[in-house]
Amino acid sequence: LASCLLDLGRHDEALVLEREVYARDVAISGASHQDAILSGLNLSSSLNTLGLSDEATLLLRDQLLPVARQSLGPDHNLTLGLGENLVAALANNPDHTRDDLL
């Protein structure tokens, strides 16, 4: 549904929905559950798409990536996708440096 809202240009509604889904998944299953990590990946993608790269960076670097590496492993598709989103978020903000990746 959030993807459809994004496609329709209803960005604010889509972002609210994705935030709710992520929060619900974390509350129900825990932050390290694959469903929560997937909904976090979707949220971070939308944040990047909407130009909210600072928020995406914080979510990815400080929350999602550490949990995904620990619970899924560094080579899991979701972990790799989170890394790609972090690179995109950092690339969208000229103030970030290579050190922000670490």
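In this predicted model, the largest nonpolar core (a set of buried Ala, Val, Leu, Ile, Met, Phe, Trp, Tyr and Cys residues joined through side-chain atoms within 4.5 Å) comprises 17 residues, of which Leu43, Leu47, Leu59, Leu60, Leu64 and Leu82 touch the most other members. At least two residues of this core come from each of helix H2 (11-29), helix H3 (34-49), H4 and H5, and H4 gives the most, with six residues. Helices here are DSSP runs of H or I with at least four residues, strands are runs of E with at least two, and both are numbered from the N terminus. Buried denotes a relative accessible area under 20%, exposed one over 50%, and partly exposed a value in between, with a 1.4 Å probe and protein chains only. In soluble globular proteins, nonpolar side chains tend to be buried together. When residues up to four places away in sequence are not counted, Leu64 touches Tyr22, Gly40, Leu41, Leu59 and Leu82, where contact requires heavy atoms within 4.5 Å.

Residues are numbered from 1 along each chain as its sequence is written. Local features need pLDDT of at least 70, side-chain atom pairs count only at pLDDT 80 or more, totals for chains, interfaces and linings use all residues, and side-chain values use heavy atoms, with hydrogens and water left out. The mean pLDDT (the predictor's confidence in each residue, from 0 to 100) of the chain is 92, and 97% of its residues reach 70 or more. Confidence is lowest in helix H1 (residues 2-7), at a mean of 86, and highest in helix H4 (residues 53-71), at 96.

The secondary structure of the chain amounts to five helices and zero strands, in the order α-α-α-α-α from the N terminus on. The radius of gyration, taken over C-alpha atoms, is 13 Å, close to the 13 Å that the globule rule (2.2 Å times the number of residues to the power 0.38) gives for 102 residues, so the chain is as compact as a globular protein of that length. The C-alpha trace spans about 35 × 35 × 20 Å along its principal axes, and 36% of the 102 residues count as buried. Among contacts between residues at least 6 apart in sequence, 53% join residues at least 24 apart.

Helix H3 has 16 residues, which at 1.5 Å a residue should span 22 Å (1.5 Å times one less than the number of residues), and the 23 Å between its end C-alpha atoms agrees with this expectation. Its buried residues, including Ile37, Gly40, Leu43 and Leu47, pack against H1, H2, H4 and H5. Just after H3, Gly51 takes a positive phi of about 80 degrees.

Thr57, which lies in helix H4, counts as buried because its relative accessibility is 1%; leaving aside neighbours within four places in sequence, Thr57 is in contact with Asp62, Leu86, Ala89, Leu90 and His96. Leu80, found in helix H5 (residues 77-91), counts as partly exposed at 42% relative accessibility, and its contacts, with neighbours within four places in sequence again left aside, are Pro74 and Asp75. In the segment after H5, Asp95 is exposed, with a relative accessible area of 67%. The C-alpha atoms of Asp95 and Ile37 are 27 Å apart in space, with their positions 58 residues apart in sequence. Asp99, also in the segment after H5, is exposed at 56%.
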